[in-house]
Amino acid sequence: MSMILSASVVRVRDGLPLSASTDYDQSTGMQECRKYFKMLSKKLSQLPDRCTLKTGQYNINFISSLGVSYMMLCTENYPSVLAFCFLDELQKEFITTYNMMKTNTAIRPYCFIEFDNFIQRTKQRYNNTRSLSTKMNLADMQTEIKLRPPYQISVSELGSANGFSHIPVGEYKGTGKISAAPHQRLEPVTLPGIVSFVLSLLCGALNLIRGFHAIESLLQNEGEDFSYVIAFFLGTAACLYQCYLFVYYTGWRNAKSFLTFGLICLCNMYLYELRNLWQLFFHVTVGAFSTLQIRLRQPQGKSPDYNV
């Protein structure tokens, strides 16, 4: 008999289980699948957003979006289209019910356990395929899966119970290999981080405008100092580079952000005669705030074991 056996909601960055359906099956096959669930949850940040793991009698399917992964275990003959429609429905309900701030700041495992009620109701509905015909449209999901099939994770790609073995690197387009990731993934963006990014762009734009005005003034008055132009454009470059450091991971990222902040301070010190104290304070404060946000947004570390 084809059916969905269990489902869970897991945070991508560290594998923290947020909610899960109650599972009473204690068979050997189910115990083995729980190990696969745990191993997968620790590597979600390194996997594509739609995957399938076939373990013989059972399949594990999952999708990831907005820092949360929705995983389910079903029998091997359960239709793939129905499986991903089920996960898509869990995703839509979870996003509607809980905001991203709550999921990002959650500390305790299963802190959204009340979501289990929706999982159980949806699971029962999907296990009774007759009730689905009027409640969903399979055509869209069938088309999407044909265009971008889930990445097939083989059991051989899984290492011991402590983690994964090396997964071959290639180009992921749904059916291919997992894409190479030269940049390590950073933690999810926070509201202060977004504010710092926008303010850095603003400061860069202001420096750029003042730089062009300085060039215009230089062309009209031969006695103007060209070094002011350099200072404005260096300030623009420093602000834009802080935006880059906030978005992407690079080596010596924190040191680079401090050096960039130092350059911002030096440029504003040199431009002391062209700016009032409030303008200087604004540019330096934004630089310091951006440096702090770069420091706080660290790479995603090794996933702790939550005994999923």
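A charge counts as sitting over a ring if NZ of Lys or CZ of Arg is within 6 Å of the ring centre and within 35 degrees of the ring normal. In this predicted model, R297 fits that description: its charged end sits over the ring of F246, 5.2 Å from the centre. R50 does much the same job of covering a ring, lying over the face of F84 at 5.8 Å from the ring centre.

F246 also has an aromatic partner. The structure holds 14 aromatic pairs, and one of them is F197 with F246, whose ring centres are 6.4 Å apart and whose planes meet at 40 degrees, so the pair is tilted. Since F197 belongs to helix 6 (residues 191-220) and F246 to helix 7 (residues 226-247), the pair ties together parts that are 49 residues apart in sequence. As for solvent, F246 is buried, at 6% relative accessible area, while F197 counts as partly exposed at 27%.

Helix 7 carries another pair, Y241 with Y244. Here the ring centres lie 6.0 Å apart and the planes are at 15 degrees; planes under 30 degrees apart count as stacked, so this pair is stacked. The two tyrosines are 3 residues apart in helix 7, which puts about one helical turn between them. Y241 is partly exposed, with 30% relative accessibility, and Y244 is partly exposed too, at 32%.

Elsewhere, rings gather in a group: Y70, F94, Y98, F112, F115 and F118 make up one aromatic cluster. Y70 and F94 turn up again in the largest nonpolar core, which has 30 residues; they are listed with V9, L18, M72 and F86 as the residues with the most contacts inside it. Strand 1, strand 5 (68-75), helix 2 (80-97), helix 4 (116-127) and helix 5 (138-147) are the elements giving two or more residues to this core. Helix 2 gives the most, with 9 residues. Leaving aside residues up to four places away in sequence, F86 touches I4, A7, M72, I119, T122, K123 and Y126. There is also a second, separate core of 20 residues, and L5, C33, L44 and L73 are among its members.

Strand 1 (residues 4-11) runs antiparallel to strand 2 (residues 17-20), and 3 bridges join them. One bridge partner is easy to pick out: V10 is matched with P17 in strand 2. The two strands form a hairpin with 5 residues between them, and G15 in the turn has a positive phi of about 75 degrees.

How values were computed: Residues numbered from 1 in each chain as written. Predicted model: local features only at pLDDT ≥ 70, side-chain atom pairs only at ≥ 80, totals over all residues. Heavy atoms only, no water. Phe/Tyr/Trp six-rings, centres within 6.5 Å; stacked < 30°, edge-to-face > 60°. Helix = DSSP H or I, 4+ residues; strand = E, 2+ residues; numbered from the N terminus. Buried < 20%, exposed > 50% of the residue type's maximum accessible area, 1.4 Å probe, protein only. Pairing = 2+ DSSP bridges. Core = buried A, V, L, I, M, F, W, Y, C linked by side-chain atoms within 4.5 Å. Contact = heavy atoms within 4.5 Å.
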